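This briefing covers one protein chain, topic by topic. The sequence and model come first, followed by the notes.

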Amino acid sequence: MNDLKGPTTIILKDLKIQFYIFTAITLVLVTIYNMVGYYVSPDNFYPFISGPIYGILLFLPFFMFGDAFKSTIGLGGTRTNYLTSLIISYSLFIVSLMIVHNVLFQLSELITDKTGSTTHIFHFASLFGASNALSYFWVDVLIGIFFVGTGTIVSAALYRFGYIWMLGIALGISVFGFLWFTLGDVSGILKWTLENMYLSLHLLGGLGIVCIVLTYPLIKQVTLKL
């Protein structure tokens, strides 16, 4: 098969369905929330529509070794081709979903302004001092990269080492984190994070990219499981 075209086509075929599903879910949420805001008019109504989109970006990588991976390897593709195609496809998926998310967010705000509805969709970007549509979109993209990156490396590690090994690693990390939090001094880190939230968000986005890059050595020699 073509080095990247074949795997990318297979992956995008699955992602297209997910895109339509979660676009529809988000549209339904926006419609319901605006109807509530217009007809019921509750005070301080700040509903959240990002949950389904963020959720699919976090859990989607756990299906990365499904039919698309098996089909790619079965048709002569390499694991490197597959991971490269996966990165390209996920990047398109993140950007597309976030465009839809922000268009619907801005549409909801416009409806509120024109109708006097009390609906004001809560957007995570408001926590980071974002002030315009482009900043809102960028915050969404960074969050999406972080979710996809962490989900991808965890999924690859689970596939490579198995659940028992990963459970042991997770337990070790949890114990270390608990001891550090209770016995160490994390106040400085927390203070810096709260004072530099926008920069911290970019660091999370960078961490997501690093996780994706580290996925390569994990799946380079992974055995195909039928």
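Leaving out residues up to four places away in sequence, Thr-152 touches Pro-61, Met-64, Tyr-90 and Thr-215. Thr-152 sits in helix H5, and its relative accessible area of 2% makes it buried, because buried means under 20%. The model is predicted, and the values below are computed from it.

**Overall architecture**

- The protein chain contains eight helices and zero strands.
- Read from the N terminus, its elements follow the order α-α-α-α-α-α-α-α.
- The C-alpha trace spans about 60 × 50 × 25 Å along its principal axes.
- Of the chain's 226 residues, 38% count as buried.
- Among contacts with a separation of 6 or more, 79% join residues that are 24 or more positions apart.
- The exposed area of the protein chain is about 12900 Å², and carbon and sulfur atoms supply 72% of that area.

**Buried threonine and serine residues**

- Thr-26 belongs to helix H1, which covers residues 5-40.
- Thr-26 has a relative accessibility of 0%, so it counts as buried.
- With neighbours within four places in sequence set aside, the contacts of Thr-26 are Ile-49, Ile-53 and Leu-104.
- Ser-135 lies in helix H5, which comprises residues 133-161.
- The relative accessible area of Ser-135 is 17%, and this residue is therefore buried under the 20% cut-off.
- Ser-135 and Ile-164 are 29 residues apart along the chain, and their C-alpha atoms are separated by 41 Å.
- Thr-152 is likewise placed in helix H5; its contacts, given at the start, include Tyr-90 and Thr-215.

**The largest pocket**

- The largest pocket holds about 250 Å³ of space.
- Its lining consists of 14 residues. Those nearest the centre of the pocket are Asp-14, Leu-15, Leu-60, Phe-63 and Ala-68.
- At least two lining residues come from each of helix H1 (5-40), helix H3 (67-74) and helix H4 (79-115).
- Helix H1 gives the most to this lining, namely four residues.
- Sorted by class, the lining of the largest pocket comprises 10 nonpolar, two polar and two charged residues.

**Aromatic residues**

- The structure has 11 aromatic pairs.
- One aromatic pair is formed by Tyr-38 and Tyr-39. Its ring centres are 5.0 Å apart and its planes meet at 85°, so the pair is edge-to-face, a class that requires over 60 degrees.
- Tyr-38 has a relative accessible area of 44% and is partly exposed, because this value falls between the limits of 20% and 50%.
- Tyr-39, at 64% relative accessibility, counts as exposed because it is over 50%.
- Phe-48, Tyr-54, Phe-122, Phe-124, Phe-146 and Phe-147 together make up one aromatic cluster.

**Points to check in the viewer**

- Which residues does Thr-26 contact, leaving aside its neighbours within four places in sequence? They are Ile-49, Ile-53 and Leu-104.
- Which helix gives the most to the lining of the largest pocket? Helix H1 does, with four residues.
- Is Tyr-39 buried or exposed? Tyr-39 is exposed, at 64% relative accessibility.

Note on methods. Residues numbered from 1 in each chain as written. Predicted model: local features only at pLDDT ≥ 70, side-chain atom pairs only at ≥ 80, totals over all residues. Heavy atoms only, no water. 1 Å grid on protein atoms, 1.4 Å probe; cavity = no way out; pocket = protein on both sides within 12 Å on 5 of 7 lines; lining within 4 Å. Points joined across faces, edges and corners; volume = space filled by probe spheres on them. Nonpolar A, V, L, I, M, F, W, Y, C, P; charged D, E, K, R; others polar. Buried < 20%, exposed > 50% of the residue type's maximum accessible area, 1.4 Å probe, protein only. Contact = heavy atoms within 4.5 Å. Areas by Shrake-Rupley, 256 points an atom, 1.4 Å probe, with all protein chains shown as cover. Phe/Tyr/Trp six-rings, centres within 6.5 Å; stacked < 30°, edge-to-face > 60°.
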